Amino acid sequence: MKRYETWSRIVVAASALLLLAALSACSKKPTSGDGVARVHGKAILRSEVDKYYNNQISGAPQKPAGEAATSLRLNILRELIDNEIMMQRAEKLGLLATDAEVDNRVTEIKAPYTQEEFDRRLKDRNLTMDDFKLDLRRTLTTINADCEVINELGGYSLSERCAGYVQQI
């Protein structure tokens with residue numbers, strides 16, 4: 001058991017150091033108020049980390065404590081930083097999912113449910129419609145970027161295949 005505790009502390013310490021290094025590389029501007037990180041001027045808020053943390057632990061029979069909770073929060077923060085870097089890069093490359101793509105996909109996802117059922121599903125997951133759309137935009141943007149990479153590597157257009165893949169999600 002002692003070996004596990006030591007290993008756990010090393011992993012948490014290493015994660016914290018990596019996160020600090022990533023944060024210092026993201027921006028020299030200090031975050032303000034609720035901000036815990038900044039990626040090229042865009043703040044990542046503590047409230048956002050807390051929302052994802054609470055969503056992840058909501059169904060768990062036992063809530064993480066101590067180092068496990070800290071490690072989970074750091075992993076969530078790292079994922080949010082990675083997502084923001086990817087979204088900013090996709091925007092520069094013109095690969096960001098459009099409002100129309102997001103709205104069309106929301107309509108498809110909502111189709112089997114009544115408005116009340118869909119709202120309840122969001123509430124059960126502690127999500128607002130804006131949260132849902134943001135997560136969906138990230139997913140669609142990732143697919144757009146993956147399709148672009150495949151297209152460039154393959155040297156031919158796979159847009160129909162990629163569009164079909166998006167429809168299956």
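Trainee: Let me start with one residue: which helix is the place of Ile85?

Mentor: Ile85 sits in helix α3. Bear in mind as we go that this is a predicted model.

Trainee: Is Ile85 buried, partly exposed or exposed, and how do I read that?

Mentor: The reading rests on relative accessible area: under 20% is buried, over 50% is exposed, and the range in between is partly exposed. Ile85 has 38% relative accessibility, so it counts as partly exposed. Asn75 is also found in α3, and its 29% makes it partly exposed.

Trainee: How many residues does α3 have, and what span is expected for it?

Mentor: A general idea helps with helices: an α-helix has 3.6 residues a turn, so residues three or four places apart point the same way. As for this case, α3 has 27 residues and covers 39 Å between its first and last C-alpha atoms, close to the 39 Å expected at 1.5 Å a residue. Just after the helix comes Gly94, with a positive phi of about 75°.

Trainee: What lies across from α3 in space, for instance how far is Ile85 from His40?

Mentor: Sequence separation and spatial separation are worth reading side by side. Ile85 and His40 are 45 residues apart in sequence, and their C-alpha atoms are 8.3 Å apart. For Asn75 and Tyr53, the separation is 22 residues along the chain and 9.6 Å between C-alpha atoms. Tyr53 has a charged partner too: Arg73 lies over the face of its ring, 3.8 Å from the ring centre.

Trainee: Where does His40 lie?

Mentor: His40 is in the loop between β1 and β2. With 61% relative accessibility, it counts as exposed.

Trainee: How do the two strands around that loop run, and how many bridges join them?

Mentor: First the general idea: in a regular strand the side chains alternate between the two faces of the sheet. Here β1 (residues 35-39) and β2 (residues 42-45) run antiparallel and are joined by four bridges. Gly35 stands opposite Leu45 of β2. Strand β1 is mostly covered, with four of its five residues buried. The hairpin has two residues between its strands.

Trainee: What should I make of phi in loops, and what value does His40 take?

Mentor: Most residues other than glycine have a negative phi, and most peptide bonds are trans. His40 is not a glycine, yet its phi is positive, at about 50°. Asn126 is another non-glycine residue with a positive phi, near 55°. Asn126 is placed in the loop between α5 (115-124) and α6 (129-154), and with a relative accessible area of 42% it is partly exposed.

Trainee: How many aromatic pairs does the count come to?

Mentor: The count is one aromatic pair. Its rings belong to Phe118 and Phe132, with centres 5.6 Å apart and planes at 80°, so the pair is edge-to-face. Phe118 lies in α5 and Phe132 in α6, so the pair ties together parts 14 residues apart in sequence. Both Phe118 and Phe132 are buried.

Trainee: To zoom out, what pattern does the protein chain follow along the sequence?

Mentor: The order is α-β-β-α-α-α-α-α-α, made up of seven helices and two strands. Of the 169 residues, 30% are buried. The chain exposes about 11500 Å², and carbon and sulfur atoms supply 55% of that area. Among contacts between residues at least 6 apart in sequence, 60% join residues at least 24 apart.

Methods: Residues numbered from 1 in each chain as written. Predicted model: local features only at pLDDT ≥ 70, side-chain atom pairs only at ≥ 80, totals over all residues. Heavy atoms only, no water. Buried < 20%, exposed > 50% of the residue type's maximum accessible area, 1.4 Å probe, protein only. Contact = heavy atoms within 4.5 Å. Areas by Shrake-Rupley, 256 points an atom, 1.4 Å probe, with all protein chains shown as cover. Expected span 1.5 Å × (residues − 1). Pairing = 2+ DSSP bridges. Phe/Tyr/Trp six-rings, centres within 6.5 Å; stacked < 30°, edge-to-face > 60°. Lys NZ or Arg CZ within 6 Å of the ring centre and 35° of its normal.
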